[in-house]
Amino acid sequence: MSGESRRLALAGLVLALVLPVGPAARAAGNAPFVTPQQDVDIFYALASPDPSIPVQHQRMRWSAGTRRQRVDPDGSATYMITDYRAGSLTVIDQAHSARTVIPAPGPALSEPGQRASGDWARGETMLVAGESCTVWHTRDTDGRVSDVCYSDDGVMLQVMQDDRIVVRAEQVTRATQPDSVFVVPAGLKSVQAAHP
C-alpha cells in the first residue's frame with residue numbers, strides 16, 4: 001500500500017468512527033451526540049493498526065449548518081469533502097487536478113440535536129486536547145469494541161481499541177467554517193473510483 005493510500009485509509013478511519021452504529025434509538029443521556037453540534041476545526045493524530053507505520057496527522061473541519069466535512073491528511077496532495085445531505089464523498093487529488101465522487105460512507109448521520117443509535121455504555125470523563133469528554137463503550141462500524149470519547153456537543157476527541165489509542169485530537173477550535181472550505185474546485189477532471 002502506498003503512503004498516499006495509507007494516509008487516505010487512516011483518514012477514512014475517522015470518517016467511519018464518527019458515524020453512528022446500530023438500529024436502536026436511545027433515550028437522552030444513554031448515548032452520546034456523535035455528530036458535532038456546531039462548526040469545529042480539529043487536528044488529529046492517527047495510529048495505524050500496523051505499528052511499523054508511523055503516526056499520521058490530519059485536519060478535520062465540520063460545518064454543522066450544511067452537514068459537510070473536510071479531511072486533509074497531513075503532507076498529502078489529496079483531501080476529501082463529504083456532503084452528508086447530498087450523500088457524496090469527493091476525493092480531490094490536487095497533484096493530478098482530478099476528483100473522484102463516491103457515496104458517503106456508512107449510514108446517515110444523526111440529525112442535529114439527536115443522540116446516536118446503537119448500544120452505548122457511559123464510562124469515565126476525561127480531558128483530551130484541553131476539552132472535557134465522556135468515554136462511551138461501543139462497537140465501531142467494523143464491529144470492533146471501541147472506547148470513544150465525545151464532548152457533550154458531539155466532537156470525537158479520542159478512540160481506543162484493544163487498549164490502544166488509535167485516534168486522538170491534538171487541537172480543537174470551535175469556530176464558524178466558511179463555505180469556501182467545502183467547495184470542490186472547478187475545472188478538475190472526473191476520475192472513476194477503482195473497484196476491487
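# Exercises on a strand-rich model

Set aside the neighbours within four places in sequence, and Ile42 is in contact (heavy atoms within 4.5 Å) with Gln58, Arg59, Met60, Val155, Met156, Ala169, Gln171 and Val172. Keep that residue in mind; Exercise 2 comes back to it.

Some ground rules before you start. This is a predicted model, with local features needing pLDDT of at least 70 and side-chain atom pairs counting only at pLDDT 80 or more, while totals for chains, interfaces and linings use all residues. Residues are numbered from 1 along each chain as its sequence is written, and side-chain values use heavy atoms, with hydrogens and water left out.

**Exercise 1. Work out the strand order of the sheet and find its edge strands.**

Step 1: list the elements. The protein has one helix and 12 strands, where DSSP runs of H or I with at least four residues are helices, runs of E with at least two are strands, and numbering starts at the N terminus. Reading from the N terminus, the helix comes before the strands: α-β-β-β-β-β-β-β-β-β-β-β-β.

Step 2: lay the strands side by side. They make an open sheet of 12 strands with mixed pairing, in the order 7-8-9-10-11-1-2-3-4-5-6-12. Two strands pair if DSSP finds at least two bridges between them.

Step 3: look at the ends. Strand 7 (121–128) and strand 12 (189–190) are the edges, each pairing on one side only.

Step 4: zoom in on one pair. Strand 8 (residues 131–139) runs antiparallel to strand 9 (residues 145–150), with six bridges between them. As for Arg139, its bridge partner in strand 9 is Val145.

**Exercise 2. Find the largest nonpolar core and say which elements supply it.**

Step 1: fix the terms. Buried means under 20% relative accessible area, exposed over 50% and partly exposed in between (1.4 Å probe, protein chains only). A nonpolar core is a set of buried Ala, Val, Leu, Ile, Met, Phe, Trp, Tyr and Cys residues joined through side-chain atoms within 4.5 Å. In soluble globular proteins, nonpolar side chains tend to be buried together.

Step 2: take the overall burial. Of the 196 residues in the protein, 46% are buried.

Step 3: pick out the core. The largest one has 32 residues, and Ile42 and Tyr44 have the most contacts inside it. Two or more residues each come from strand 1 (40–46), strand 2 (56–63), strand 5 (88–93), strand 8, strand 9, strand 10 (156–161) and strand 11 (164–173).

Step 4: don't miss the other one. Apart from that core lies another, of six residues, including Tyr79, Ile81, Ile92 and Leu188.

**Exercise 3. Is Ile165 buried or exposed, or in between, and what does Ile165 touch?**

Step 1: place the residue. Ile165 sits in strand 11.

Step 2: check the cover. Its relative accessible area is 36%, so Ile165 is partly exposed.

Step 3: list the contacts. Leaving out neighbours within four places in sequence, Ile165 touches Ala47, Gln158, Val159 and Met160.

**Exercise 4. Describe the disulfide.**

Step 1: find the pair. The structure holds one disulfide (cysteine sulfur atoms within 2.5 Å). Cys133 and Cys149 form it, with their sulfur atoms 2.0 Å apart.

Step 2: see what the pair links. Cys133 is in strand 8 and Cys149 in strand 9, so distant parts of the chain, 16 residues apart, are joined. Both cysteines are buried.

Step 3: read off the handedness. The S-S torsion is about 100 degrees, which means a right-handed disulfide.

**Exercise 5. Which residues form a network of salt bridges, and what does the Glu131–Arg174 pair tie together?**

Step 1: count. There are six salt bridges (a side-chain nitrogen of Lys or Arg within 4 Å of a carboxyl oxygen of Asp or Glu) in the structure.

Step 2: build the network. Arg61 bridges to Asp72, with the closest N and O atoms 3.1 Å apart. Since Arg61 lies in strand 2 and Asp72 in strand 3 (residues 68–73), this pair ties together parts 11 residues apart in sequence. Arg70 also meets Asp72, at 2.9 Å from N to O. Put together, Arg61, Arg70 and Asp72 are linked in a network of salt bridges. Arg61 and Asp72 are both buried, and Arg70 is buried too.

Step 3: turn to the other pair. Glu131 and Arg174 meet at 2.5 Å, N to O. Glu131 is in strand 8 and Arg174 in the loop between strand 11 and strand 12, so the pair ties together parts 43 residues apart in sequence. Glu131 is buried at 18% relative accessible area, whereas Arg174, at 31%, counts as partly exposed.
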